[in-house]
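Dear colleague,

I am passing on the structure we spoke about, and below it I have set out what came of going through it. Please read the notes with the coordinates open beside them.

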Amino acid sequence: MLGFAASLLGEAITGKGILAQLNLETGIPIYEAEPLLLFFILFTLLGAIGALGDRGRFVDDPPTGIEGAVIPPGKGIRGALGLKEGGPLFGFTKANELFVGRLAQLGIAFSLIGEIITGKGALAQLNIETGIPISDIEPLVLFNVAFFFFAAINPGTGKFLTDEEE
C-alpha cells in the first residue's frame, strides 16, 4: 500500500510512471519487458489473489458499543456482494486491511503492465494531469495517496487464525 501510494504521488509530481522513474524501457510489447520485472508483476498478482498460500483467516474482534447492540440482518445485500453478514463492513479490521492491501497489489501490478505497453504511468493512463506541484494535484488522487498511506500504517483490529488454531 505504501508503494502504490508513493508511486501515485511520485507520478503526480514528476510526470513519470514507476518504470520511467527507474529509467526502464516503456511503450514496448509485454514480452520484451525485463524478465525480473515480469516476475515481480506475476508474484504481485499471485499474492493479490491469495495463490501464494493463505494459511488461515482473519477474525474480527467482537463488536463493542453501538455495533454490539445492533441485530445482524439475515441474508441481505452484504451476502449478495460476497461480504460476510456479521461484523463491521467498514473500518480498519484485519480482513478489510487484507482486502485493501490486495487492491493495492492489483493496482500496482496493472499500472506496471499498462506502463510497459503504453509508456504512460497509472495517472497518465487515466488522463489525470501529472508533473505539477502538489497544490495542483487532483483532490481524489491526494485522497487515495493519503488513504493508502494511512491504511498501511494502521494496525487494524482482529487477529489472524491459522488452520491449527481453529
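What should the 14 residues of H3 span at 1.5 Å a residue, and how far apart are its end C-alpha atoms? The expected span is 20 Å and the end C-alpha atoms are 20 Å apart, so the two values agree. Please keep in mind, here and throughout, that this is a predicted model.

As for the overall layout, the protein has eight helices and two strands, and from the N terminus on these elements follow the order α-α-α-β-α-α-α-α-α-β. Of its 166 residues, 28% count as buried, and the protein exposes about 10,600 Å², of which carbon and sulfur atoms supply 66%. Among the contacts with a separation of 6 or more, 77% are between residues 24 or more positions apart.

To stay with H3 for a moment, its buried residues are Leu37, Ile41, Thr44, Gly47 and Ala48. Because these cover an arc of only 130 degrees around the axis, they lie on the same side of H3, while on the other side of this helix Pro35, Leu36 and Phe39 are exposed. Just after H3, Gly50 takes a positive phi of about 80 degrees.

Two of those buried residues, Leu37 and Ile41, reappear in the largest nonpolar core, which has 24 residues and in which Phe4, Leu8, Leu37, Ile41, Leu112, Ile116 and Phe148 have the most contacts. The elements that give two or more residues to this core are helices H1 (2-14), H2 (18-21), H3 (35-48), H6 (94-118), H7 (122-125) and H8 (139-153), and H6 supplies the largest share, with six residues. In soluble globular proteins, nonpolar side chains tend to be buried together. If you would like one residue to start from, Leu112 is in contact with Ile18, Leu19, Leu37, Phe40 and Ile41, leaving aside its neighbours within four places in sequence.

A polar residue also deserves a look, namely Ser7, which is placed in helix H1. Ser7 counts as buried because its relative accessibility is 12%, which is under the 20% cut-off. The side chain of Ser7 reaches the backbone oxygen of Phe4 at 2.8 Å, and, with neighbours within four places in sequence left aside, Ser7 is in contact with Ile18 and Gln21. Ile18 is thus a residue to view from both sides, since Leu112 also has it among its contacts.

With best regards

Terms used:
Residues numbered from 1 in each chain as written. Predicted model: local features only at pLDDT ≥ 70, side-chain atom pairs only at ≥ 80, totals over all residues. Heavy atoms only, no water. Core = buried A, V, L, I, M, F, W, Y, C linked by side-chain atoms within 4.5 Å. Buried < 20%, exposed > 50% of the residue type's maximum accessible area, 1.4 Å probe, protein only. Helix = DSSP H or I, 4+ residues; strand = E, 2+ residues; numbered from the N terminus. Contact = heavy atoms within 4.5 Å. Expected span 1.5 Å × (residues − 1). Arc of directions from axis to C-beta. Areas by Shrake-Rupley, 256 points an atom, 1.4 Å probe, with all protein chains shown as cover. Polar contact = N/O pair within 3.5 Å; in protein donor to acceptor, adjacent residues only side chain to side chain.
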